[in-house]
Amino acid sequence: MVPEVSSGTGNLPYGYAGGFQPPPFPVVRLRGLPFNCTDIDILKFFAGLTIVDVLLVNKSGRFSGEAFVVFAGAMQVEFALQRDRQNMGRRYVEVFRCKKQDYYNAVAAEINYEGIYDNDYHGSSPPPSRSKRFSDKDQMEYTEILKMRGLPFLVTKSQIVEFFKDYNLIEDRVHIACRPDGKATGEAYVEFVSAEEAKRAMSKDKMTIGSRYVELFPSTPDEARRAESRSRQ
């Protein structure tokens, strides 16, 4: 005899009396990372798992040894937690659960950091302000190509096209840079119809794609070609 399922929530995944509960946001926090750690080191540490985003946490302009890593699903988090206290270089890394809000707060702090730091800095020689950094980029020589850095690892060409929808981008000249194993590096090269249009598109510098803020830099056809050939190796 098949046992009777109580009405309401019995067949619902993650069911509670209050109804459907979505699975938790698939993020973990890392602590104890080497201070020269990069996104690529974290990708290697979690080899075999699908990473959507890596956020290295900075405090007062320096890497804190902590990071947030977002995975493609809740099951991947379970596998990631099994790597708690494994080594990266000579240091063992703690991997533990955290809340979605912790990750979002860290993203917001990263985006807001520059302006806050400029306002709070009372030394004799403050760091260059946001506008100063922008003007440095203004004075650089432009070609029709921009380099993007800090992209989500699962970014698509269509997301990049959408990001630049108000500018005259050549759609088939968007190249997402990859490592030889096919995984994205978080960088891309994009070509516009002219150097003037590329310079105009710099107004998107530090805007977000997904939860990541993206940096833009003037680039050259040579640099873009080299990145493309590296991706094919």
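Helices here are DSSP runs of H or I with at least four residues, numbered from the N terminus. By that reading, Asp39 sits in helix H1, which covers residues 39-45. This is a predicted model, and the protein in it has 7 helices and 10 strands. Of its 233 residues, 39% are buried. Take the contacts between residues at least 6 apart in sequence: 66% of them join residues at least 24 apart.

**The sheet that starts with E2**

- One open sheet has 5 strands in the order E2-E3-E1-E5-E4, and the pairing is antiparallel.
- Its edges are strand E2 (51-59) and strand E4 (86-88), each of which pairs on one side only.
- From one strand to the next, the twist averages 35°.
- E2 pairs with strand E3 (residues 62-71) in the antiparallel sense, over 8 bridges.
- If you want a spot to look at in that pairing, Ile51 stands opposite Phe71 in E3.
- Helix H2 (residues 74-81) lies across strand E1 (27-31), E3 and strand E5 (91-97), and it runs at about 145° to E5.

**The sheet that starts with E7**

- Another open sheet, also of 5 strands, goes E7-E8-E6-E10-E9 with antiparallel pairing.
- E7 and strand E9 (207-209) are its edges; each has a single partner strand, so one side of each has no neighbour in the sheet.
- The twist here averages 35° from one strand to the next.
- Strand E8 (residues 184-192) is mostly covered, with 7 of its 9 residues buried.
- On one side, E8 pairs with strand E6 (residues 145-149) in the antiparallel sense over 5 bridges.
- In the pairing with E6, Arg149 faces Glu187 of E8, and Met148 stands opposite Ala188 of E8.
- E8 also pairs with strand E7 (residues 169-178), again antiparallel and over 5 bridges.
- In the pairing with E7, Ile176 is the residue opposite Ala188.
- E7 and E8 make a hairpin with 5 residues between them, and Gly182 in that turn has a positive phi of about 90°.

**Two buried residues to click on**

- Ser219 is in the loop between strand E10 (212-218) and helix H7 (221-232).
- With a relative accessible area of 2%, Ser219 falls under the 20% cut-off, so it counts as buried.
- The Ser219 side chain makes a polar contact with the side chain of Glu223, at 2.7 Å.
- Setting aside neighbours within four places in sequence, Ser219 is in contact with Thr143, Ile145, Leu146, Lys147, Tyr189 and Ala224.
- Asp39, the H1 residue from the top, has a relative accessible area of 18%; that is under 20%, so Asp39 is buried too.
- Not counting residues up to four places away in sequence, Asp39 touches Val54, Leu56, Phe153 and Arg212.

**Positive phi outside glycine**

- As background, most residues other than glycine have a negative phi.
- Arg85 has a positive phi, near 70°, and belongs to the loop between H2 and E4.
- Its relative accessible area of 46% lies between 20% and 50%, so Arg85 is partly exposed.
- Lys206 also has a positive phi, near 70°, and is found in the loop between helix H6 (195-201) and E9.
- Lys206 is buried, because its relative accessible area of 14% is under 20%.

**The second largest pocket**

- The second largest pocket has a volume of about 180 Å³.
- Its lining is made up of Pro24, Phe25, Pro26, Val27, Ala74, Val77, Glu78, Arg97, Cys98, Lys99 and Lys100.
- H2 gives the most to that lining, with 3 residues.

Definitions and conventions:
Residues numbered from 1 in each chain as written. Predicted model: local features only at pLDDT ≥ 70, side-chain atom pairs only at ≥ 80, totals over all residues. Heavy atoms only, no water. Buried < 20%, exposed > 50% of the residue type's maximum accessible area, 1.4 Å probe, protein only. Polar contact = N/O pair within 3.5 Å; in protein donor to acceptor, adjacent residues only side chain to side chain. Contact = heavy atoms within 4.5 Å. Pairing = 2+ DSSP bridges. Axes fitted to C-alpha atoms, helices over the stretch in contact; angles between N-to-C directions. 1 Å grid on protein atoms, 1.4 Å probe; cavity = no way out; pocket = protein on both sides within 12 Å on 5 of 7 lines; lining within 4 Å. Points joined across faces, edges and corners; volume = space filled by probe spheres on them.
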